[in-house]
Amino acid sequence: MESTDSNTPKVIVLTGASSGIGEATTRHLAQMGHQLVIGARRTDRLTALQDELRAQGAGVDALTLDVTRLDDVQRIAAFAQQRYGRIDVLINNAGIMPLSPLAALKVDEWNRMIELPLKFRLPAGRV
Ligand SMILES: NC(=O)c1ccc[n+]([C@@H]2O[C@H](COP(=O)([O-])OP(=O)(O)OC[C@H]3O[C@@H](n4cnc5c(N)ncnc54)[C@H](OP(=O)(O)O)[C@@H]3O)[C@@H](O)[C@H]2O)c1
């Protein structure tokens, strides 16, 4: 039976790693010894993070990802599966949080904020 304790290195797919909470979480988990496969749209920031953490000995792979694009989602899932044989954890962090007064009625923004995290769907059998 596989060990699932927190000291066992996990293969972790993390979306929205190019800034904020996702970037900080990537740093933390990589330094704990987990294998990170990270994605976001700003490839320059992702690659810089990957290179910085790899230079410290961490296992990080950066892939350009727009979670609203099914082909991008399939590509990152297939990458992790092919390279590491499994995905143990998905951290579906990518999101947007535009702020505006309620009275501005920016309904399109509200819908995008709600829909975006729901768009990430790993193909069946990937996790
Ligand atoms: N900070 C808060 O107080 C707070 C409160 C409640 C919820 N949250 C949620 O927590 C998450 C992280 O927040 P944060 O404060 O760290 O925000 P952030 O710094 O703006 O980070 C959001 C991340 O999501 C990525 N992202 C946005 N749209 C994407 C898309 N279509 N495909 C792939 N990646 C996408 C961004 O990367 P790219 O732009 O490079 O794609 C970025 O890396 C978000 O889902 C946010 O809604 C935050």
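A residue counts as buried when its relative accessible area is under 20%, as exposed when that area is over 50%, and as partly exposed in between. With that cut-off in hand, Glu-23 can be classed as buried, because its relative accessible area is 19%. The structure is a predicted model, and the values below are computed from it.

**Overall picture**

The protein contains four helices and four strands, and, read from the N terminus on, these elements follow the order β-α-β-α-β-α-β-α. Of its 127 residues, 35% count as buried, while the accessible surface comes to about 7700 Å², with 54% of that surface belonging to carbon and sulfur atoms. Among the contacts with a separation of 6 or more, 58% are made by residues that stand 24 or more positions apart.

**The largest pocket**

The largest pocket in the model has a volume of about 440 Å³. It is lined by 22 residues, and those closest to its centre are Gly-16, Arg-41, Ala-94, Gly-95 and Ile-96. Sorted by class, the lining of this pocket consists of seven nonpolar, nine polar and six charged residues. Helix H1 (20-31), strand E2 (35-40) and helix H4 (107-118) each contribute at least two residues to the lining.

**Helix H3 and what covers it**

Helix H3 spans residues 70-84, which gives it 15 residues, and the distance from its first C-alpha to its last is 21 Å, close to the 21 Å expected at 1.5 Å a residue. Its buried residues are Asp-72, Val-73, Ile-76, Ala-77, Ala-78, Phe-79 and Ala-80. The cover over these buried residues includes the strands E1 (11-15), E2 and E3 (59-64); strand E2 also supplies at least two residues to the lining of the largest pocket. After H3 comes Gly-85, whose phi is positive, near 85°.

**Four residues in detail**

The table sets out four residues with their places in the protein and their relative accessibility.

| Residue | Place | Relative accessible area | Class |
|---|---|---|---|
| Glu-23 | helix H1 | 19% | buried |
| Leu-90 | strand E4 | 32% | partly exposed |
| Leu-105 | loop between strand E4 and H4 | 56% | exposed |
| Trp-110 | helix H4 | 28% | partly exposed |

Glu-23, which belongs to helix H1, touches Gly-16, Ala-17, Ser-18, Arg-45 and Leu-49 when residues up to four places away in sequence are not counted. One of these, Gly-16, is also listed among the residues closest to the centre of the largest pocket. The C-alpha atoms of Glu-23 and Asn-93 are separated by 10.0 Å, although the two residues are 70 residues apart along the chain.

Leu-90 sits in strand E4, and, with a relative accessible area of 32%, Leu-90 is partly exposed because this value lies between the 20% and 50% limits. Leu-90 and Ala-77 are 13 residues apart in sequence, and their C-alpha atoms are 9.8 Å apart in space; Ala-77 is itself one of the buried residues of H3.

Leu-105 lies in the loop that runs between strand E4 (89-92) and H4. Its phi is near 50°, which is a positive value in a residue other than glycine. Leu-105 counts as exposed, because its relative accessibility of 56% is over the 50% limit.

Trp-110, for its part, lies in helix H4 and is partly exposed, with a relative accessible area of 28%. Leaving aside neighbours within four places in sequence, Trp-110 is in contact with Ser-100, Leu-102 and Leu-105, so that the loop residue Leu-105 appears among the contacts of this tryptophan under the cut-off of heavy atoms within 4.5 Å. Trp-110 and Pro-98 are 12 residues apart in sequence and 8.0 Å apart in space, C-alpha to C-alpha.

How values were computed: Residues are numbered from 1 along each chain as its sequence is written. This is a predicted model: local features need pLDDT of at least 70, side-chain atom pairs count only at pLDDT 80 or more; totals for chains, interfaces and linings use all residues. Side-chain values use heavy atoms; hydrogens and water are left out. On a 1 Å grid over the protein atoms alone, a cavity is a set of points where a 1.4 Å probe fits but cannot get out, and a pocket is an open set with protein on both sides within 12 Å along at least five of seven lines; lining residues have an atom within 4 Å of a point. Grid points are joined across faces, edges and corners, and a volume is the space filled by probe spheres set on the points. Ala, Val, Leu, Ile, Met, Phe, Trp, Tyr, Cys and Pro count as nonpolar, Asp, Glu, Lys and Arg as charged, and the others, Gly among them, as polar. Buried means under 20% relative accessible area, exposed over 50%, partly exposed in between (1.4 Å probe, protein chains only). Accessible areas come from the Shrake-Rupley method with a 1.4 Å probe; for residues, only the protein chains shown count as cover. The expected span of a helix is 1.5 Å times one less than its number of residues.
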